[in-house]
Amino acid sequence: MPNSDLVNVLTALVGTQNVVASHDHMAPFLSEPRHRFHQTAKAIVSPRSVEDLQALVQWANAVRQPLVPQSGNTGLVGGQVPLTGNEIVVSIRHLDGVMALDAGAGHMSVGAGLTLQKAHEVAEEAGALFPLTIASQGSAMIGGVLSSNAGGVQVLSYGNARELCLGVDVVLPNGNLMHGLNSLRKNNTGYDLKDLFVGAEGTLGIITAATLKLFPRPEGYETAFISVAGPDAAYELFGHIRDRLGTSLTAFELMPRFGIDMLLKHGVIGRDPAASPSPWYVLAELSRPRGGREGRLVESLETGLGTGLIADAAIAQSEGDRQGLWRARESMSDVQSREGASIKHDVSVPLAAVPALVAEGIAAAKRLVPGIRPCPFGHMGDGNLHFNFSQPEGADPKAFMAGAEPIHAAIYEIVTGLGGSVSAEHGIGQLKTHLLRRVKDPVAYAAMKQIKSALDPHNIMNPGKIFDADD
Ligand SMILES: Cc1cc2nc3c(=O)[nH]c(=O)nc-3n(C[C@H](O)[C@H](O)[C@H](O)COP(=O)(O)OP(=O)(O)OC[C@H]3O[C@@H](n4cnc5c(N)ncnc54)[C@H](O)[C@@H]3O)c2cc1C
């Protein structure tokens with residue numbers, strides 16, 4: 001179909017102002033945060049109602065037109081951008097209403113196009129907390145957050161997106177709307193289809209709305225930047241603090257000195273947050289419930305000092321201090337780009353295996369590329385590290401990236417050997433389809449494919465994502 005005819009069809013379905021087909025206007029929907037994937041699309045369509053979205057999907061199914069669901073376009077594995085250029089990108093950004101909220105009962109129902117930041121604000125205005133916290137929350141939207149089963153820094157205590165979701169409304173690949181917004185904590189009525197769509201990366205349908213769990217707002221936070229000798233000590237420390245603080249320990253993040261040095265060198269932070277120089281640090285945070293006793297994090301650290309688990313700790317004395325510590329943590333990935341090229345992995349292993357992962361991963365990478373600068377950091381309390389490597393100082397970035405494959409292979413082999421996952425929280429998208437086929441249990445992989453073809457027999461919903469296009 002010539003593009004002008006296509007645009008006529010689309011505008012008849014969703015209205016003129018909701019269809020974009022010119023190259024310049026499509027650009028923001030086509031480039032993703034890491035600039036890895038470069039494809040065009042036939043059009044970008046942004047329906048303003050669920051009914052219009054249903055009509056669009058029904059038409060696409062009838063004519064076998066591939067669709068790419070998109071929310072905030074902050075995904076890091078290319079799930080939300082086209083693979084071949086033959087697709088239509090469906091932006092759900094206009095479906096951003098707040099339908100219901102009950103802070104006392106602990107839930108709210110919102111449109112999939114609401115940004116995560118706005119969802120935080122809506123909960124906060126009602127005196128509640130929606131705890132899922134990621135650095136991209138100003139742009140990321142509920143539909144994308146659920147579809148990628150996002151994690152972030154408070155999974156330790158509150159769980160990831162899947163655990164924070166009670167129900168979803170979904171437009172299926174045939175255009176039917178599956179109603180699933182419910183606030184029930186107990187609902188054993190057959191298969192839990194919600195869990196199928198959360199984490200499906202837009203391959204099974206388009207989420208239009210969701211019911212999310214809310215929690216009581218903490219009265220305050222206690223935040224510490226702790227010097228530790230290495231990941232072994234961090235692991236021991238985690239057990240020590242967790243044992244004393246339970247689920248009020250809401251974050252436990254690992255960072256190497258190299259990362260702090262980069263933040264200082266490039267002026268991302270003004271002063272060294274550490275109480276003393278150390279090869280590794282932990283950023284730990286306690287969320288204090290209303291009426292909870294103050295100073296419990298410091299108490300648990302004092303007993304840790306006594307056992308030699310920690311070398312030293314800087315305690316945030318104000319909200320400004322706390323924000324500064326979090327800025328350091330959240331800038332760790334970005335600042336690497338100022339040090340030249342970097343090779344990145346989002347992986348998880350059983351918690352006890354984190355020290356082995358770090359030691360073996362660093363040794364393997366250094367064998368492959370002498371001078372490589374390891375920067376493993378992240379959600380240690382969840383066993384999830386962003387195992388990144390910066391190029392050797394002065395190296396040619398292109399030559400460094402040309403050698404990425406053996407480093408990926410080495411890290412993924414170590415991760416799978418330790419019983420871990422090659423994608424902890426970012427998903428598969430188009431980046432890791434080949435890996436998934438290799439590492440997933442073959443029976444589970446076949447079952448996933450059967451589910452996909454049962455719900456989407458014409459493969460119109462985000463084809464080539466999760467599963468290889470030729471698979
Ligand atoms: C600076 C930065 C920090 C980040 N930090 C974290 C982090 O700590 N933890 C983490 O888990 N992730 C993180 N991410 C990754 C990303 O922000 C998350 O995956 C986020 O949840 C994606 O939301 P989005 O709205 O941008 O989705 P998009 O990027 O638009 O889409 C993501 C996936 O979901 C699908 N999709 C989108 N909307 C729908 C829908 N309505 N129905 C069905 N499928 C849909 C897309 O097709 C795609 O496969 C980070 C990204 C950046 C850029």
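**Exercise 1. Find the partner of strand 3 and place both in their sheet.**

Solution.
Step 1. Start with the pairing: strand 3 and strand 4 (residues 88-91) run parallel, joined by 4 bridges. This is a predicted model.
Step 2. Pick out one facing pair. Leu67 stands opposite Ile88 in strand 4.
Step 3. Widen the view. The sheet is open and has 4 strands, in the order 1-2-4-3, with mixed pairing.
Step 4. Look at the edges. Strand 1 (19-20) and strand 3 (67-70) are the edge strands, and each pairs on one side only.

**Exercise 2. Say which strands helix 3 lies across, and give its angle to strand 4.**

Solution.
Step 1. Locate helix 3 at residues 50-63.
Step 2. Trace what lies under the helix: helix 3 crosses strand 2 (43-45), strand 3 and strand 4.
Step 3. Read the angle. Helix 3 runs at about 160° to strand 4.

**Exercise 3. Describe the surroundings of the ligand.**

Solution.
Step 1. Count the shell. The ligand is surrounded by 33 residues, and the closest are Pro69, Ser71, Thr74, Gly75 and Ser136.
Step 2. Sort the shell by class: 20 residues are polar, 11 nonpolar and 2 charged.
Step 3. List polar contacts. A polar backbone atom of Met141 is 2.7 Å from an oxygen atom of the ligand. A nitrogen atom of the ligand lies 2.9 Å from a polar side-chain atom of Ser147. A polar backbone atom of Gly202 is 3.4 Å from a nitrogen atom of the ligand.
Step 4. Check the cover. On its own the ligand has 980 Å² of accessible area, and the protein covers 90% of that.
Step 5. Name the elements. Strand 3, helix 5 (142-147) and strand 10 (206-213) give two or more residues each to the shell. Helix 5 gives the most, with 4 residues.

Technical notes:
Residues numbered from 1 in each chain as written. Predicted model: local features only at pLDDT ≥ 70, side-chain atom pairs only at ≥ 80, totals over all residues. Heavy atoms only, no water. Pairing = 2+ DSSP bridges. Contact = heavy atoms within 4.5 Å. Axes fitted to C-alpha atoms, helices over the stretch in contact; angles between N-to-C directions. Near = heavy atom within 4 Å. Polar contact = N/O pair within 3.5 Å; in protein donor to acceptor, adjacent residues only side chain to side chain. Areas by Shrake-Rupley, 256 points an atom, 1.4 Å probe, with all protein chains shown as cover. Nonpolar A, V, L, I, M, F, W, Y, C, P; charged D, E, K, R; others polar.
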